[in-house]
Amino acid sequence: MIKTVAVIPHYRHEQTIVATAHDLRALGLPCIVVDDGSGEQSEAALAELAQIEGVTLIRRAENGGKGAAVKDALRAAAAAGYSHALQIDADRQHCFADIPRFIAAAEQSPQTVICGRPIYDEDAPKSRRYGREITNFWIRINTGSNEIADGMCGFRIYPLARTVALINSVYLGDRMDFDTEILVRLHWEGVPMEWLDTSVAYAEDGVSHFYMLKDNLHISAMHARLFFVRLWRRIWRRA
């Protein structure tokens, strides 16, 4: 039997984070929320969050990026004795109704990463869709396969032992590049993955912390780094 906790990176989603935690608790999931230096504007919501039974709040003094927050959460989950972690965003774009299906898949295949394959509604920004297609192209280059159906959907369940071991052993990006890089690295390590279709919604009044220029530069640098690391690994193995 697996022991699963929800991990939520949070940065200035004070309008949605409390409801997100309540809905996860209603599904029976304990939660670890890592606030990534949100500052004063989120203080009231975080104070309310800290009072919810079954929710652990970790505070980062300074903003380090989504990847940094997720890594802190995954390490904390492993240290607390959980076997698996459900990563979900704080902005409620992911489908809570699919969580039992994800957990059931993890219970059937506990060594497998259970990944969301996103199905978008009509409100999804075209720029994000195009960026995703480019990222998925480079994933195919850097893995030499089509086994990673989507690298950017941060709705997934990780087996913690192998995931945290990887986080502690190699450099992984601290920002929006993390979601993609961790999957490529896990694929290189031979960790199996299973893909489940899930709807992703973009609310008109939703708050996005994806910065088109800065984050795309981080993601491009990540793809280039992985390309050369994979090339070196292949050369080294032939030597």
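These legends go with close-up views of a predicted model.

**View 1. The whole chain, before zooming in.** The protein's secondary structure adds up to eight helices and seven strands. Of its 239 residues, 50% count as buried. Take the contacts between residues at least 6 apart in sequence: 81% of them join residues at least 24 apart. As for the outside, the protein exposes about 11,500 Å², and carbon and sulfur atoms supply 53% of that area.

**View 2. The open sheet, strand by strand.** Read across the sheet and the seven strands come in the order β3-β2-β1-β4-β6-β5-β7, with mixed pairing. The edges belong to β3 (55-60) and β7 (193-200); each has a single partner strand, so one side of each is left without a neighbour in the sheet. On average, and ignoring direction, neighbouring strands here are turned by 25° against each other. As a reminder, strands of a sheet pair through backbone hydrogen bonds, either parallel or antiparallel.

**View 3. Where β1 meets β4.** Zoom in on β1 (residues 4-10) and β4 (residues 84-87), and you'll find a parallel pair held over four bridges. One spot to look for is Thr4, which stands opposite His84 in β4.

**View 4. Two helices against the sheet.** Helix α4 (residues 99-108) packs on the sheet and touches β4, β5 (113-120), β6 (156-159) and β7. Compare directions and α4 makes about 180° with β7. Helix α6 (residues 160-167) lies across β4 and β6. The angle between α6 and β6 is about 85°.

**View 5. Two arginines with positive phi.** Start with Arg12, which sits in the loop between β1 and α1 (17-26). Arg12 isn't a glycine, yet its phi is positive, at about 55°. Its relative accessibility is 30%, so Arg12 counts as partly exposed. Now go to the loop between β4 and α4, where you'll find Arg92. Arg92 has a positive phi too, about 70°, and it isn't a glycine either. With 32% relative accessibility, Arg92 counts as partly exposed; the partly exposed class runs between the buried limit of 20% and the exposed limit of 50%.

**View 6. A nonpolar patch on the surface.** Ile134, Phe137, Trp138, Ile141, Phe227, Phe228, Leu231, Trp232 and Ile235 together make a nonpolar surface patch of about 890 Å². Helices α5 (126-143) and α8 (212-238) each supply at least two of the patch residues. The largest share, five residues, comes from α8. If you want one side chain to pick out, try Trp138, whose place is in helix α5. Trp138 has 32% relative accessibility, so it counts as partly exposed.

**View 7. Asn216 and a partner from elsewhere in the sequence.** Asn216 has its place in helix α8, the helix that gives the nonpolar patch its largest share. At 28% relative accessibility, Asn216 counts as partly exposed. Look for Met176 as well: Asn216 and Met176 are 40 residues apart in sequence, and their C-alpha atoms are 8.5 Å apart in space.

Terms used:
Residues numbered from 1 in each chain as written. Predicted model: local features only at pLDDT ≥ 70, side-chain atom pairs only at ≥ 80, totals over all residues. Heavy atoms only, no water. Pairing = 2+ DSSP bridges. Axes fitted to C-alpha atoms, helices over the stretch in contact; angles between N-to-C directions. Contact = heavy atoms within 4.5 Å. Buried < 20%, exposed > 50% of the residue type's maximum accessible area, 1.4 Å probe, protein only. Patch = residues over 30% accessible without salt bridge, like charges linked within 9 Å, V, L, I, M, F, W, Y side chains within 5 Å. Areas by Shrake-Rupley, 256 points an atom, 1.4 Å probe, with all protein chains shown as cover. Salt bridge = Lys/Arg side-chain N within 4 Å of Asp/Glu carboxyl O.
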